[in-house]
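Please open the structure in the viewer and keep the selection panel at hand. The tour proceeds by successive selections, with a short account of what each one shows.

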Amino acid sequence: MQLVLEKRAERSNTIALVSPLIAIALTIVTMVILFAILGKNPLLALHAYFIAPLTDSYSLQEIAVKATPLVMIAIGLSLCYLANAWNIGAEGQFLIGAVAGSWFAVKTQGTDAGAWVLPAMLVLAAAAGALYALIPAICKVKFGASEILTSLMLVYVADLLLDYLVRGPWRDPHGFNFPTTAEFDPVATVPLLIEGGRLHLGSIIVLLVVAAAAILLARTIKGFEIRVVGAAPRAARFGGFNANQLIILTFAVSGALAGLAGIIEVAGPVGHLQPGISPGYGFTAIIVAFLGRLNPLGILIAGLFLALTFIGGEQAQIAMKIPLDVTKVFQGVLLFYVLACDSLILYRFKLVSSNQQVTRGVG
Amino acid sequence: MRKSFLALATGLLLAGSVSATSAADKLKVGFIYLGPIGDLGWTYQHDLARQALVKELGDKIETTYLENVPEGPDAERSIEQLVRAGNKLIFTTSFGYMDPTLKVAKKYPNVHFEHATGYKRNPNMSTYSAKWWQGRYIQGLIAAKMSKSGVLGYIGSFPIPEVVSGINATMLAAQTINPNIKAKIIWANTWFDPGKEADAAKALIDQGADVIMQHTDSPAAMQIASERGKLAFGQDSEMIKFGPKTQLTSILDTWGPYYIERVKAELAGTWKSEDSWGGLDSHMFAMAPYTNMPDEVKKMAEDAQAAITAGKLHPFKCPIIGQDGKPVECKGGDHLDDGQILGMNFYVKGIDDKLPGK
């Protein structure tokens, strides 16, 4: 007798719904075992990770702040992925958006420019992110270059450009040579929603983006086109949908959103441009997009959940002296189980006797 | 089943909160670390100091640390988390935490902050640092004596004054031994990245350097120098086990006494915002044993160390000629004053490199 994975005749919708729940349950079981091995009380640890951050407004704000860039980028990525366009370079588009918006903040610094500075920064950032994303999209459409490689490689270009700017032309003259611009003027800063808190306007913007994406996908022809091109390219061709045009469009939209997330992060929680503004948001957002099953609402939940593991991980480090590495293990385990459980949507386990399998192998 | 689980959970939580109250009379002291506590360099030394603090005052205090906190948007949250967990004195142990620490300090005037190596202060925020350039001067003397090729390899982190003053002190010392000494400088643009640091060391050796010095935090450069049969200086911590035949000496960060002093002040209610910049005389740092060198070089190093400690030798003794060939203004009488060193933004003559961004 042998256990084999067998392809299902059709996608199992029940499993598709239940699979993330199974993944989370398995993650929790694994973590309980890990905590026990570490000699930590598993219940207290799980409480520190999942419950404590949800019990006060401060932590809730922090979760929203952390989730904002993740969700914003992931929404854009999900449109790409649904249309079978593989944008891996959101990190670079995030940085370019931050750079373009900061350019305006730096140029208007110390002038009496009014309240229109921030809107202009947001528009510039979105435009720059979109243009930057169009490079791999156009290379793909015109020359057939793999967009996975080109978009990924452009991340490093963006990273080095930002590095050059804050070490050279845009460096704060009073910053003792440290690679950072001066603090942005108040008109170039994303306003806070709560006095003395950290929640900022970006969290409202991201909710609007989620709503817009949900409407686009569920209620418009374009949304239908995106889904058909991704799910059934042949049918889409017969239907007269232009796949190349969609690659261009989804790349531009996801680049714009990543760029927007970049400037909101810089003009919001950071307050100035410096290297290291992103702890890998553009890459973590890929996880968020898939964890949320490329669905806008799912992405919102996944983004908040991942943010929760960051904030909870920090609280666990403080309250229970659980090392930071455990948080990373935790996120890795979660992703592992999500992917593993997802294969059950298309495959199922089957027990077969050995000789039966041989016949199947020949056939 | 579900009910009993909830009861158990509540019981455990209650137990947790009870133990929290009994710990409440202890002073809570928090630390923010840049690297992992196992980096064997910068963060490792801060954590050793924290352990020394616990050993000394463990019955009166409780310490907590957050490691691997990047100097970006997350730092402010991490510091605030420590405040919210009840820490009353918080050490933020890297330059890049300066603005986030100041932001949180302004928000919580009743909590005291200690920021390492920065220059912004507040009534509830002190700064502390060490005059490592004194140690760099001694290293410069040794390096010039030990180098056969006359080329020193220097791995810089960021071109901030702390690092630039170290390079200048090294070169000023080396030039007193060998006026034609050369230094190759590579900016790693990181404090801690063993891969990059190792690559930098390899590149420097390939360019002819036979003594490697570093202002980054991992022992990677020491390991490369050891593999290639060159000499090197450790950084932050004792790195001799990574190069028993390689390490000449190492600048050891010894924060323990300072941490103990500040926590005692906090306990006594006499904590005040201060700017502490200690050198060899106040034991803010120490030199590892002088090894892998002839006795006369060792004696020279020890003599220089004694002279600096006694205040008889100042590494930035005037006249100092800048890279542009013009003498640097001498604000401290017969040597540069502390302000000039703290904001050092120029190379001295003889350094064959352009200061990034200049």
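The stops below begin with the whole model and end with individual residues.

**Whole model**

The coordinates shown are those of a predicted model. Its scores are an ipTM of 0.76 and a pTM of 0.82. Colour chain B by confidence to begin: the mean pLDDT of this chain is 90, and 93% of its residues reach 70 or more. Next select residues 1-22 of chain B, where the pLDDT is below 50. Beyond near neighbours in sequence, this stretch has six contacts in the model. Where pLDDT is low, predicted coordinates should not be read in detail.

**Chain A**

Select chain A, which contains 14 helices and two strands. Along its principal axes, the C-alpha trace of chain A spans about 80 × 60 × 35 Å. The radius of gyration of chain A is 23 Å, in agreement with the value near 21 Å that a compact globule of 363 residues would have.

**The contact between the chains**

Display both chains and select the residues in contact: 26 come from chain A and 31 from chain B. On the side of chain A that touches chain B, the elements giving two or more residues are helix H2 (42-51), helix H3 (57-82), helix H10 (243-270) and helix H12 (296-320) of chain A. The largest share of that side, five residues, belongs to H12(A). Colouring the side of chain A that touches chain B by residue class shows 13 nonpolar, eight polar and five charged residues.

**Chain B as a whole**

Hide chain A and select chain B, whose secondary structure comprises 11 helices and 12 strands. Its radius of gyration is 22 Å, close to the 21 Å given by the globule rule for 358 residues, so chain B is as compact as a globular protein of that length. The C-alpha atoms of chain B fill a box of roughly 80 × 45 × 40 Å along the principal axes.

**The parallel sheet of chain B**

Select the six strands that form an open sheet in the order E2-E1-E3-E4-E5-E11 in chain B; their pairing is parallel. Which strands are at the edges of this sheet? They are strand E2 (61-66) and strand E11 (275-278) of chain B, each of which pairs on one side only. Neighbouring strands of the sheet are turned against each other by 15° on average, with direction ignored.

Then zoom in on strand E5 (residues 125-130) of chain B, which pairs with E11(B) in the parallel sense over four bridges. Ser129(B) has Trp277(B), in E11(B), as its bridge partner. Adding helix H9 (residues 256-268) of chain B shows a helix that lies across strands E1 (27-32), E2, E3 (89-92), E4 (112-116), E5 and E11 of chain B. H9(B) runs at about 145° to E1(B).

**The mixed sheet of chain B**

Move to the open sheet of six strands with the order E7-E6-E8-E9-E10-E12 in chain B, where the pairing is mixed. Strand E7 (182-187) and strand E12 (285-287) of chain B stand at its edges; each has a single partner strand, so one side of each is left without a neighbour in the sheet. From one strand to the next, the twist of this sheet averages 15°.

Within the sheet, select strand E9 (residues 231-236) and strand E10 (residues 247-253) of chain B, which pair in the parallel sense over four bridges. Here the bridge partner of Ala232(B) is Gln247(B) in E10(B).

**Two helices across the mixed sheet**

Add H7(B), which lies across strand E6 (151-156), E7 and strand E8 (211-214) of chain B and runs at about 160° to E6(B). Add H8(B) as well: this helix lies across E6, E8, E9 and E10 of chain B, at about 165° to E9(B).

How do these helices meet? The axes of H7(B) (residues 194-206) and H8(B) (residues 220-227) come within 8 Å and cross at roughly 40°. The crossing is right-handed. Show side chains for the residues that meet, including Ala198(B) and Ala201(B) from H7(B) and Ala221(B) and Ile224(B) from H8(B). By class, this contact has eight nonpolar, no polar and two charged residues.

**Backbone details**

Most residues other than glycine have a negative phi, and most peptide bonds are trans. Select Thr117(B), in the loop between E4 and E5 of chain B; its phi is near 70°, a positive value in a residue other than glycine. Finally, select Pro319(B), found in the loop between helix H10 (295-309) and helix H11 (338-342) of chain B. The peptide bond from Cys318(B) to Pro319(B) is cis, with omega near 0°.

Notes. Residues numbered from 1 in each chain as written. Chains lettered and ligands numbered in written order. pLDDT = per-residue confidence, 0-100. Contact = placed C-beta atoms within 7 Å. Axes fitted to C-alpha atoms, helices over the stretch in contact; angles between N-to-C directions. Left-handed = near helix turned anticlockwise from the far one by under 90°. Nonpolar A, V, L, I, M, F, W, Y, C, P; charged D, E, K, R; others polar. Pairing = 2+ DSSP bridges. Rg over C-alpha atoms; globule rule 2.2 N^0.38 Å.
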